[in-house]
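Please open the structure in a viewer and keep the sequence panel visible. The tour below proposes selections one after another and describes what each of them shows.

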Amino acid sequence: MTARPSAPVVVLVGRPNVGKSALFNRMIRRRVAIVEDIPGVTRDRLYAVSEWRGKRFTLVDTGGLHLGPSHGLAAKVREQVRTALREADLLLFVVDVQDGVVPEDREIAEVVRRSRVPVLLVANKADGPAHDLAAPEFFALGLGDPIPVSAHHGRGIGDLLDAVVALLPEPAPHGVAEAPMAVAVVGRPNVGKSSLVNAILGEERVVVDAQPGTTRDAVDTPYERDGRRYLLIDTAGLRRRARVGRGIESYGAVRSRRAIERADVTVLVLDASEPVSDQDQRIAGEIARAGCGLVVALNKWDLVARAPRPDRTREQAVRRALRFLPYAPVLPVSATAGWGIEALFSAINRVGAAHRARIGTGVLNRIVGEAVAARQPPADRAGRRLRIFYATQPASKPPTVVLFVNDPRRMPEAYLRYLERVIRSKVDLIGVPLRFVLRRRRGEEART
């Protein structure tokens, strides 16, 4: 099992507030990292794949590096940076051309030299020609020619990318690989999402702290397990919209919701030691509306049981609270004790397969035909009855069934739920919503 990206890895390092996250966003040509004009916004390693002149590489944003005495969150962020240095094929040491060389730059330069990894010195915030003239001051760091850029304005980014791809190792030849399964880990603050991601990876990939809200961004991690490729997405805790402040917290909430939208499977993390809250239910509703697969993980199981065995009473209480999602598997896990990780991934794989499932047209029509024969659709007050002519599945992710009928207005919601139960009894669609689209068969309008 590994979490190392297969493409060459390019890591951004530097002291806080030199513009690493803005440069990260500019180089991947989309806004992934949260950018604020205050130090310490980035805490975890953020990964994104970028491509330039036909060469793909994985770009990694890191938190600002403090080399002096540190403890708590600062120490954990520093360890995140050091881990990124160990996996790098190329370092981009980012400095602030407007500040000039400061003592912290000299200390970080020494760390970079000791890493024995190729390095490019990037003089950021060179917003105009006058700033370009100040860049040569950074020769004093002994890391070669500084490349002046402006992440904010986009100046010099092409030259920087040319220099990056020129130093990248050639990727190993490989065939066309299946896209990794995107698995988003979501929930309200402090239910143990980051701890669960770290337990899966076997390393402190994301910063964990007792205070709520430690994770501020959606953190993507490529991961391989038993020959399968995943993209694990740790997210910021989702609070009620009315309680989300402006700035960093609101950005984190937006990224969390976007992570749900791009996920194949979402792991909804609940605190097993607490009842299901209104906010847990709201998040579950967002997952259902997004159409992705769902696994419910009851984390902190070690606080309520002495062994990782299911508790039927507790599971039923969760299912009652999430009764609008009866298809979702509910599993006990403990990030701290390492319980339930294998079972969790078995469920993720099964739900992922259901999310992309295709039901053959012949099989689907046989299932629907048997359901109609067993229970006819009810007639309306005028005695007119819904007729279903045939069914097809034009789309997956999630599975979507189109029913061609004589009049869509005659389809009762209760009968659709009945058809869904019958289809699920014949096809493994665990953990995924089943969507129906009703269409009038051509020519039926004149007959009804």
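Why is helix H6 (residues 193-201) largely enclosed by the rest of the structure? Select this helix in the predicted model. Of its 9 residues, 7 are buried, so H6 is largely enclosed by its surroundings. The buried residues are Lys-193, Ser-194, Leu-196, Val-197, Asn-198, Ile-200 and Leu-201. Now add the elements against which these buried residues pack: the strands S7 (181-186), S8 (219-225), S9 (228-234), S10 (265-271) and S11 (293-299), together with helix H10 (341-355). Before leaving H6, select Gly-202, which lies just after the helix and has a positive phi of about 75°.

**The whole chain**

Zoom out to the full chain. It contains 12 helices and 15 strands. Among its 448 residues, 50% count as buried. Consider next the contacts in the chain with a separation of 6 or more: residues 24 or more positions apart account for 71% of them.

**The sheet of six strands**

Select S7 to S12. These strands form an open sheet of 6 strands in the order S8-S9-S7-S10-S11-S12, and the pairing is mixed. Its edges are S8 and strand S12 (330-332), each of which pairs on one side only. On average, neighbouring strands are turned by 25° against each other, direction ignored.

Two pairs of strands in this sheet deserve a separate selection. S7 and S9 run parallel and are joined by 5 bridges; the bridge partner of Ala-184 is Ile-233 in S9. Helix H8 (residues 278-290) packs on the sheet, where it touches S7, S10 and S11, and its direction makes about 175° with that of S10. Helix H9 (residues 312-321) also packs on the sheet. H9 touches S10, S11 and S12, and its direction makes about 140° with that of S12.

The second pair is S10 and S11, which run parallel with 7 bridges between them. Here Leu-268 has Val-296 in S11 as its bridge partner. Are the residues of S11 buried or exposed? In S11, 7 of the 7 residues are buried, so this strand is largely enclosed by the rest of the structure. Show its side chains: Gly-293, Val-295, Ala-297 and Asn-299 point one way, while Leu-294, Val-296 and Leu-298 point the other way.

**The sheet of three strands**

Move on to S13, S14 and S15. They make up an open sheet of 3 strands, in the order S13-S14-S15 and with mixed pairing. The edge strands are S13 (388-395) and S15 (435-440). The twist from one strand to the next averages 25°. Strand S14 (residues 400-405) pairs with S15 in the parallel sense over 6 bridges, and Val-405 stands opposite Arg-440 in S15. Helix H12 (residues 413-426) lies across S13, S14 and S15 and runs at about 120° to S15.

**Two helices that cross**

Keep H12 selected and add helix H11 (residues 361-374). How do these two helices cross? Their axes come within 10 Å and cross at roughly 125°; H11 and H12 are therefore oblique to each other. The crossing is right-handed. On the H11 side, select Leu-364, Ile-367, Glu-370, Ala-371, Val-372 and Ala-374, which meet Tyr-415, Tyr-418, Leu-419, Val-422, Ile-423 and Lys-426 in H12. Coloured by class, this contact shows 10 nonpolar, no polar and 2 charged residues.

Notes:
Residues numbered from 1 in each chain as written. Predicted model: local features only at pLDDT ≥ 70, side-chain atom pairs only at ≥ 80, totals over all residues. Heavy atoms only, no water. Pairing = 2+ DSSP bridges. Helix = DSSP H or I, 4+ residues; strand = E, 2+ residues; numbered from the N terminus. Axes fitted to C-alpha atoms, helices over the stretch in contact; angles between N-to-C directions. Contact = heavy atoms within 4.5 Å. Buried < 20%, exposed > 50% of the residue type's maximum accessible area, 1.4 Å probe, protein only. Parallel < 35°, antiparallel > 145°, perpendicular 65-115°, else oblique. Left-handed = near helix turned anticlockwise from the far one by under 90°. Nonpolar A, V, L, I, M, F, W, Y, C, P; charged D, E, K, R; others polar.
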